[in-house]
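Trainee: Could we go through this one together, a question at a time? I'd like to see how each answer is reached.

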Amino acid sequence: MRITELYILAQEMSQIAFQLSTSSSILRLKSISTSLYNSRPTTFGQLAFPDLTSSTMSPTPSCPCCAFLTTNGALFLPWNTGEDDDGEESVAIESKSLSAEDIMTPNESWDRISMSSSVVDSNDGRQQILLVDTHGHPHLSRDVQYAENDTSIPIDDQSIVSLTCAVSPLDWNSALEYASQSQNILPALGIHPWYLADILVDDITNIIDIQEDITKYIKWDWLSELETQLSNHQHLLVGEIGMCKMARFVREFPKEKGGKATALQLQKLVFKKQLDLAAKWSRPVTAHCVNAHGLFMEVMRDTLKEVKESYAEIDDIKEAKRHWRKAFPPSIGMHSFTGTAHHVGEILAFEKEILYPEEVEAGGKRHRRKKQQGANKEEIQQPTQECDKDILFYFGFSHAVNHVMCTSEKARKKGSEAVRSIPSDRLLVESDVHNSADVIFGTAGAAAYAAQVRGESLEQVARSTTKNGLRFLSSLGSRTDS
């Protein structure tokens, strides 16, 4: 079976599982869905959280943005990363296409990571952060994937910071409730491209004229609800959102209503609306992009074109780029990235157009003049201090998608090339799991995968991705005007 077919099968099984898990909680979610579709948008903003005094949960504040660990009112920064990893000797290993036997299991990886550092930071007595999981869905509470029968790691374990991402308005409340249980969990709300059917009008076959505005296919209450949640929760991210040609929603969209072409246009529209909200509220985004790199870049370039046209009268390039930057979220994490090394280069080149337009223009002139490959790379100067460096795009990888689901030799080779092409300060690791018991193991497995491919030690990847993950999450509410 080809990797494409396997991916479609896994996707459809995931959709069925989500529908089943939603059905099992239908009584609890009934008031939410009724509020979302049939009443005023503000009703959904009044969330009913669980009793946090219960013995099964940590006695933390019920609002996830209050519960999340902060220092002096600001999102915390890492306390255990110490000196930069630059210059540290790594364990060099041969980079090659991987088989299931080539990397440690997620459980073995976690054992090694947890043993590599002291449990308590001697400076203040707090447990160290050893991993940052920048994408998962543990609030869905589906079957356990990695955790063994004798393994018990509490949901509020302080050695890992994690992000739980909603996929549909039907699980927004669950994501917020789950995040409220620990100071080290952040929530993200959004609409996954697989679940656009959850926001379609009740019967799109009643829409007669295919030439009319396709926005009429969508119930738009969700958009105001998402903005209400962003307003209410200052540490709320936007995700999982994105583009996907593999989604059943795309393949099964009614042909009489435009079929695949219309479905992808609806995906682009919903993605763009959520991207704009993330930019408006200065929230990081975790983005899904599968077999849709071209469409993803269309949205990015359309956004840049719009803001350039809006501020076309500004002659000062440095002044103009401040406005350009604000048209985008503070950071975008490319979740379980399945693109190629070429795609990585294209995304980073686009980022440079926004962040360093003067250097790009100068580099283009030099390139045309000298016609030397790579000349502009050597001459363009970018900030070298991490604290001064503005990063828009990060690239995340998971053991589940990038290793287990990637079965063909060709796909593994392309995936490995992509991982190795990513600058070390852009690399993220993700669990992409659906049960809290798997979060720490799935994330450790992702670190082991990245370490093997990049020829680095597991400990080094764990340290660098922890620093990167905290920087990604810490971009909440940030703006870089320089």
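What follows is a chat about a predicted model.

Trainee: OK, let's start with helix 10. Which residues of helix 10 are buried, and why do they count as being on the same side?

Mentor: Helix 10 covers residues 317–326, and the buried ones are Ala-320, Lys-321, Trp-324 and Arg-325. An α-helix has 3.6 residues a turn, so residues three or four places apart point the same way. In helix 10 the buried set covers an arc of only 140° around the axis, which puts these residues on the same side. So the names you want are Ala-320, Lys-321, Trp-324 and Arg-325, and the arc that groups them is 140°.

Trainee: And which residue caps the N-terminal end of helix 10?

Mentor: Look for a side-chain oxygen close to a backbone nitrogen. There's one 3.0 Å from the backbone nitrogen of Lys-318. The residue that supplies this oxygen is Asp-316.

Trainee: Moving inside, what is the volume of the largest cavity?

Mentor: Rolling a probe the size of a water molecule over the atoms shows where empty space is left. In this model, one cavity of 30 Å³ or more turns up. The volume of the largest cavity is about 120 Å³.

Trainee: Which residues are the closest to the centre of the largest cavity, and which elements each supply at least two residues of its lining?

Mentor: The lining has 13 residues, and the closest to the centre are Pro-154, Ile-155, Ile-160, Ser-436 and Val-439. By class, the lining has nine nonpolar, three polar and one charged residues. The elements that each supply at least two lining residues are strand 4 (160–165) and helix 16 (439–454).

Trainee: Now cysteines. How many disulfides does a search of the whole structure find?

Mentor: A disulfide is a covalent bond between the sulfur atoms of two cysteines. Take Cys-289, which is buried at 10% relative accessibility: the closest cysteine sulfur to its own is in Cys-244, 8.4 Å away and therefore too far for a bond. Cys-165 is buried too, with a relative accessible area of 0%. Over the whole structure, the number of disulfides found is zero.

Trainee: Which residues does the cis peptide bond join?

Mentor: Most residues other than glycine have a negative phi, and most peptide bonds are trans. Here, omega is about 5° at a cis bond. One partner, Glu-240, is found in strand 6 (residues 237–244). The pair joined is Gly-239 and Glu-240.

Trainee: Is Ser-282 buried or exposed, and what is its phi?

Mentor: Ser-282 is in the loop between helix 8 (259–280) and strand 7 (285–290). With 7% relative accessibility, Ser-282 counts as buried. Its phi is a positive value in a residue other than glycine, near 55°.

Trainee: What about the phi of Asp-432?

Mentor: Asp-432 sits in the loop between strand 10 (427–430) and helix 16. Asp-432 counts as buried, at 10% relative accessibility. Its phi is positive as well, near 50°.

Trainee: Last one: what separates the C-alpha atoms of Glu-148 and Asp-438 in space?

Mentor: Glu-148 is in the loop between strand 3 (131–136) and strand 4, and counts as partly exposed at 43% relative accessibility. Along the chain, Glu-148 and Asp-438 are 290 residues apart. In space, their C-alpha atoms are separated by 9.2 Å.

Terms used. Residues are numbered from 1 along each chain as its sequence is written. This is a predicted model: local features need pLDDT of at least 70, side-chain atom pairs count only at pLDDT 80 or more; totals for chains, interfaces and linings use all residues. Side-chain values use heavy atoms; hydrogens and water are left out. Buried means under 20% relative accessible area, exposed over 50%, partly exposed in between (1.4 Å probe, protein chains only). Helices (H or I, at least four residues) and strands (E, at least two) are DSSP runs, numbered from the N terminus. The arc is that of the directions from the helix axis to the C-beta atoms. A polar contact is a pair of N or O atoms within 3.5 Å; within protein, one must be able to donate a hydrogen and the other to accept it, and residues adjacent in sequence count only if both atoms are side-chain atoms. On a 1 Å grid over the protein atoms alone, a cavity is a set of points where a 1.4 Å probe fits but cannot get out, and a pocket is an open set with protein on both sides within 12 Å along at least five of seven lines; lining residues have an atom within 4 Å of a point. Grid points are joined across faces, edges and corners, and a volume is the space filled by probe spheres set on the points. Ala, Val, Leu, Ile, Met, Phe, Trp, Tyr, Cys and Pro count as nonpolar, Asp, Glu, Lys and Arg as charged, and the others, Gly among them, as polar. A disulfide is a pair of cysteine sulfur atoms within 2.5 Å.
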